[in-house]
Amino acid sequence: MRADGEQRSGRGSANSRVRGALLAVLALGAALGGCTPIEPWVKPYEREHLADPIMSLGRNSIAATYRDHVFETREGSHGATGAVGGGCGCN
Amino acid sequence: MQLAVRPGVRARPRTRVRARRIRLLPPFARTLLALAVLAAPALGGVLPEDEADLMYHSYQGGDITVQGPSVLIRKKIGDSLSLTYNYYEDLISSASIDVKLSASPYHEIRKQNSVGADYLHGKTTYSVGYIYSKEPDYIASTTYYSLSQDMFGDLTTISLGYRRGWDQVYRDLCAAPHPTNSECPDIINDPTFHERADHWGYSFGLTQILTRNLLATLNYEIDTDQGYLANPYRQIRYQSGGGAGFTLAPQIYPDTRTSNAASVLLKYYLPWRATLTGSYRFYHDTWNVTGSTVEADYTLPVWKSWIFDGSLRYYTQTHASFFSDLFPYANYSNFMARDRELAAFDSVTVGVGATYQFEVPQVPWIHKSTANIRYDRLMINYKDYRDALLAAQYGAGNEPLYKLDANVLEVFLSIWY
């Protein structure tokens, strides 16, 4: 009984290891799938409008900063106004 | 909101030595100034262009005039490094409602120097900078560090930023007797008053191309301030008998403040070569100030050399938990403030601007140059801040609500080389 029990127990642990390995493979596959380069849905040659200077988030930054300063000195709120740049790779 | 009374804190009688002025900038706003000038155009994967700007700025409203120059210079060193220098000056002349209530009109100059560097490595831009601001009663030093990374075929830019500020707070006094509501002839730093304030800021930004005509940005910022965060010149008022029906007393602020701000912006390219920008920002802090900002901007190039801008901005906020226009009695609460910036109010700002692009054939190294002008009309309606100067006429607490209209002007030249 003990031997059978140990056998069953060992088989059970082997099965759980296999299941674990399968899950790991599936997770790895999913992770590798996630690493597949994302195809840009807006191609570089389609960014003509985005590259137009009037679309720049940093246009006239010296004036925009002064204007933000005027508001910040008179309001209780501040922060989260900084643009992080165009980021469109269209320069 | 019911506030607890802190035992042992007594309102001081109206000071004999009149504070000479009302400091214009709240402490937590000072360290933010110029960060955007230095850091905003830094893109992941692209260094900012070589550029020089010369600006004159002017603010007039509420019997305050602030004007002065600002100079910005950017220059690349090789292919990977860009350096930035900015000089900014405020010439302040104030006889605001706060000054008239409890201090003396004043003139002063605030000067600010900023340096920054952007280093490009692959698709990552690393930025560092230092800002130093000095005026007679306030010195602020700030460093900042950020990085921006382009990814997903340059559709996405992620940026992370950290900012640290150290402020030295002084209080000016008038050392010579002078008539009320006239400028002090001899201003000195109060030798018994020297405070500090520290600031930490963490920011996250995401810029995303959504379509061939649409950009979006998300920004999140958490800031913590610690130290002396009050304005040493402004005062609260509480009800009392006789005279105008109130007595002035010093403000008492908490020593810490933590704020969260999140914003979203969408910028759309219209079929007739124009852009429409919409943005929203939500703000909340541990002083219970909650603010919302909505703005729409329209940009339209016309003819060959002109670009026109128009904007409409709406802002609203709730008051801080320890703000009151008129406290019921002295020592009412452990924290008490009457700063207008902590009152409940809303504001509307209407702005227009024009840019003219011109050639400078005599200077071949300048490849683009523009002349720019922008005007904004700012209209603030306070909901629980009253014009205490009219207390004798209406009675304390029954005065008309205060309103502030201001004209903001910027004129600047820009060259790219």
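1. Let's start with a loop residue: with 13 C-beta neighbours inside 10 Å, B:Arg273 counts as partly exposed. (Buried takes 20 or more other C-beta atoms within 10 Å of a residue's own, exposed 12 or fewer, and partly exposed is in between; C-beta atoms are placed from the backbone.) B:Arg273 sits in the loop between strand 12 (256-270) and strand 13 (274-285) of chain B. Its phi is near 55°, a positive value in a residue other than glycine. Most residues other than glycine have a negative phi.

2. A word on ground rules: this is a predicted model, where local features need pLDDT of at least 70, side-chain atom pairs count only at pLDDT 80 or more, and totals for chains, interfaces and linings use all residues. Residues are numbered from 1 along each chain as its sequence is written, while chains are lettered from A and ligands numbered from 1 in the order in which they are written. Helices (H or I, at least four residues) and strands (E, at least two) are DSSP runs, numbered from the N terminus.

3. B:Phe152 also has a positive phi, near 55°. This one lies in the loop between strand 6 and strand 7 of chain B. B:Phe152 is partly exposed because 15 C-beta neighbours fall inside 10 Å.

4. Now for chain A. It has 2 helices and 0 strands, and 40% of its 91 residues are buried. The average pLDDT (the predictor's confidence in each residue, from 0 to 100) is 69 for chain A, with 47% of the residues scoring at least 70. Over residues 1-11 of chain A the pLDDT is below 50, and this stretch has 0 contacts beyond near neighbours in sequence. (A contact means C-beta atoms, placed from the backbone, within 7 Å.) Residues 83-91 of chain A are also below 50, yet that stretch has 44 contacts beyond near neighbours in sequence. Where pLDDT is low, the predicted coordinates should not be read in detail.

5. How many of the 12 residues of helix 2 of chain A are buried? The count is 11, so the helix is largely enclosed by the rest of the structure. Among them are A:Ile62, A:Tyr66, A:Val70 and A:Phe71, along with A:Arg67 and A:Asp68.

6. That helix matters for the next point too. The largest nonpolar core (buried Ala, Val, Leu, Ile, Met, Phe, Trp, Tyr and Cys residues joined through C-beta atoms within 7 Å) has 43 residues, and A:Ile62, B:Ile236, B:Ala320, B:Phe323, B:Ala337 and B:Leu342 touch the most other members. Helix 2 of chain A gives this core its largest share, 5 residues. B:Ala320 touches A:Gly76, B:Trp287, B:Asn288, B:Val289, B:Ala337 and B:Leu342, leaving out residues up to four places away in sequence. Another core, of 7 residues, lies apart from it and includes A:Val42, A:Leu50, A:Met55 and B:Leu155.

7. On to the strands (two of them pair if DSSP finds at least two bridges between them). Strand 7 (residues 156-174) and strand 8 (residues 187-211) of chain B run antiparallel, joined by 18 bridges; here B:Gln168 stands opposite B:Arg196. Strand 8 is also antiparallel to strand 9 (residues 214-227) of chain B, through 14 bridges, with a hairpin of 2 residues joining them.

8. Last, B:Ala344 is in the loop between strand 15 (306-317) and strand 16 (345-358) of chain B. B:Ala344 and B:Thr318 are 26 residues apart in sequence but 4.4 Å apart in space, C-alpha to C-alpha.

Definitions and conventions:
Two residues are in contact if their C-beta atoms, placed from the backbone, lie within 7 Å.
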